[in-house]
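Subject: Structure handover

Dear colleague,

I am passing on the structure that we spoke about, and the notes below it are meant for someone who has not looked at it before. Please open it alongside the text and follow the elements as they come up.

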Amino acid sequence: MGCTSTRPSPGWLLDAPSAETAEPASERERALAEENARLRRTCAALIERVESSGVAGGAPYAAFEHAVLLAEQVRERTEALHRTLDELGQVNDQLRDEIATRRAAEARLREAKREAEAANLSKTRFLAAVSHDLLQPLNAARLFTSALDEHEVPAASKPLVGQIGRSLKDVEALLGTLVDISRLDAGVLKPDIAAFGADELLDTLAEEYRQVAQSQGLTLHYVRSTAVVDSDLQLLARVVRNFLTNAIRYTATGHVLLGCRRRHDGLEIVVGDTGPGIADDQREAIFLEFRRAAAGLDREQRGLGLGLAIVDRIATMLGHPITLRSRPGQGSAFSVRVPYACRAPRPAPPAEVMPGNDQLAGTNVWVLDDDPAVLDGMRALLAGWGCRVTGGLSLATLREAAGEASGADVLVIDYHLDERDDDGLAVAEQLQREQPGLPVLMVTANHDAALKARIRERGYACLLKPVKPLRLKMLLVSLLSAADAEGRRDPASGR
């Protein structure tokens with residue numbers, strides 16, 4: 001920094017000459033005085049400019065001190081910032097380690113979850129895939145028991161036969177429930193939506209459960225409906241069956257109602273009872289898996305608590321709302337709302353009351369099934385109804401058994417046949433070409449929607465395993481009645 005003092009320094013040429021240096025050189029002194037004056041003016045101007053360029057109201061030295069102070073503050077704050085950054089770096093390293101640990105734990109959990117889901121899905125797919133093999137022996141046992149029930153047995157043995165039938169029915173219900181849950185979980189159960197008359201479904205259920213109700217000392221009131229709805233007949237039947245089963249199971253005295261109400265947005269199928277009712281705090285819980293009514297209300301205590309869970313899943317899949325109305329001590333009413341059909345219904349069998357054996361007496365029935373036990377059971381059951389039965393494990397053995405006899409009045413055929421034959425649809429078409437107008441009843445444990453649609457498109461009736469004898473009898477009577485109405489069969493001659 002330049003000197004800003006205005007005091008003359010000793011020895012400078014600008015200073016006035018001393019007495020010792022004084023010379024009479026007046027011209028030179030005058031020149032020096034003028035130069036000195038000029039330099040003083042220049043110095044004053046510089047000092048003024050320097051003073052004016054400092055901090056407002058301050059001096060240049062104050063500005064310097066201020067700058068030094070600011071620099072020191074900047075240094076201190078920079079050091080503090082570096083310390084903070086170091087601390088943040090350490091915290092960040094700790095967080096990074098913790099995040100890595102958590103991610104590793106989450107990866108292990110995801111892997112464990114995938115393994116558990118894969119194991120569960122494998123189990124589910126296994127149950128869904130082997131349902132046919134699981135149901136085959138049960139189907140045969142039900143057929144044999146029903147056939148035995150048609151025969152005259154000693155009075156002491158009659159209750160035993162009935163108990164065997166009820167036990168097999170319970171096994172069928174439990175196994176069917178597990179298989180249904182597995183199909184729903186595996187996503188292999190797809191709806192087969194079609195138009196049909198509500199009476200096509202409800203007439204059969206009413207007749208079937210009227211007998212069940214009577215065996216429990218109850219009465220079943222049924223109100224028919226001619227409405228045409230759009231749904232999956234088999235899945236909707238599963239829903240209503242669960243409603244009816246629970247109504248009869250939990251009703252000690254009184255009656256059960258099966259009927260319909262026409263709503264603006266669909267047909268409401270209602271099952272009511274005079275049972276104990278359901279408390280408000282249980283209305284949602286009963287639709288959960290493995291939940292049953294309070295102890296003592298289920299007289300049989302044989303259920304798994306999956307019935308209403310299946311109902312809820314099926315109704316959700318079909319888009320049919322479920323409603324529950326109940327008053328403790330007075331009864332309950334379960335309902336499912338089904339949309340009306342916007343198209344013509346598929347041909348429905350005529351309404352029938354419980355058919356007697358005389359309606360099937362003399363009927364020539366061909367049965368084709370690759371399971372010997374099922375074939376023998378079907379033969380015994382149909383023979384007990386008065387039918388003339390020709391059976392075979394394959395198409396070749398069926399033709400051999402038929403020999404030169406006249407053709408069949410109705411064909412009962414399994415979808416899954418011996419590997420030497422095509423599937424049941426192809427074999428049925430072949431026999432229909434040989435016997436035009438032959439009524440066909442397709443029996444299968446396959447719930448595939450596409451298969452059911454193919455069966456329906458060909459005009460065949462369909463019955464799912466395990467075969468329910470009452471449903472089998474009603475379908476056979478309906479098929480024969482339809483054939484008689486179209487002139488395809490002469491009831492008097494059996495052809």
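In this predicted model, strands β5 and β7 (residues 331–338) run antiparallel and are joined by six bridges. Within that pairing, Glu 268 of β5 has Arg 337 of β7 opposite it. On another pairing of β5, with strand β4 (residues 255–263), the sense is again antiparallel, with eight bridges, and here Glu 268 stands opposite Arg 261. β4 and β5 make a hairpin that leaves two residues between the strands. Because eight of the eight residues of β5 (residues 266–273) are buried, this strand is largely enclosed by the rest of the structure.

β7 has a further partner in strand β6 (residues 322–327), to which it is joined by six bridges in the antiparallel sense. Leu 324 has Phe 334 in β7 as its bridge partner. The hairpin of β6 and β7 has three residues between the strands, and Gly 329 in this hairpin takes a positive phi near 85°.

Phe 334 also leads to the aromatic residues, where a search of the whole structure finds one aromatic pair. This pair is formed by Phe 243 and Phe 334, whose ring centres are 5.3 Å apart and whose planes meet at 25°, so the two rings count as stacked. Since Phe 243 belongs to helix α6 (residues 233–249) and Phe 334 to strand β7, the pair ties together parts that are 91 residues apart in sequence. Both of these phenylalanines, Phe 243 and Phe 334, are buried.

Which residues of the largest nonpolar core touch the most other members? They are Leu 202, Leu 244, Leu 258 and Ile 269, in a core that has 43 residues. At least two residues of this core come from each of α4 (158–186), α5 (198–215), β2 (219–222), α6, β4, β5, α7 (307–318) and β7, and the largest share, 10 residues, is supplied by α6. Leu 258, once its neighbours within four places in sequence are set aside, is in contact with residues including Leu 202, Ala 206, His 221, Val 240, Leu 244, Ile 269 and Val 271. There is also a second, separate core of 26 residues, and among its members are Val 367, Leu 375, Val 412 and Leu 463.

Two individual residues may be worth a look on the screen. Arg 241 lies in helix α6, and its relative accessible area of 16% falls under the 20% limit, so Arg 241 is buried. Not counting residues up to four places away in sequence, Arg 241 touches Leu 205, Glu 208, Tyr 209 and Lys 468. The C-alpha atom of Arg 241 is separated by 9.6 Å from that of Val 311, a residue 70 places away along the chain.

Thr 145, for its part, is located in helix α3 (residues 131–150), and at 12% relative accessibility this threonine counts as buried. A polar atom of the Thr 145 side chain lies 2.8 Å from the backbone oxygen of Ala 141. Leaving out residues up to four places away in sequence, Thr 145 touches Val 161, Ile 164, Gly 165 and Leu 168.

Further along the chain, helix α11 (residues 449–457) has Ala 449, Leu 451, Lys 452, Ala 453 and Ile 455 as buried residues. The buried residues of α11 pack against α6, α10 (424–434), β11 (440–444) and β12 (461–464). Just after α11 comes Gly 459, which takes a positive phi of about 80°. Helix α12 (residues 469–485) has 17 residues and reaches 24 Å from its first C-alpha to its last, which is close to the 24 Å expected at 1.5 Å a residue. α12 is mostly covered, with 13 of its 17 residues buried.

As for the chain as a whole, the protein chain contains 12 helices and 12 strands, and 39% of its 495 residues count as buried. Of the contacts in the protein chain with a separation of 6 or more, 73% are between residues 24 or more positions apart.

With best wishes

Definitions and conventions:
Residues numbered from 1 in each chain as written. Heavy atoms only, no water. Buried < 20%, exposed > 50% of the residue type's maximum accessible area, 1.4 Å probe, protein only. Helix = DSSP H or I, 4+ residues; strand = E, 2+ residues; numbered from the N terminus. Pairing = 2+ DSSP bridges. Phe/Tyr/Trp six-rings, centres within 6.5 Å; stacked < 30°, edge-to-face > 60°. Expected span 1.5 Å × (residues − 1). Polar contact = N/O pair within 3.5 Å; in protein donor to acceptor, adjacent residues only side chain to side chain. Contact = heavy atoms within 4.5 Å. Core = buried A, V, L, I, M, F, W, Y, C linked by side-chain atoms within 4.5 Å.
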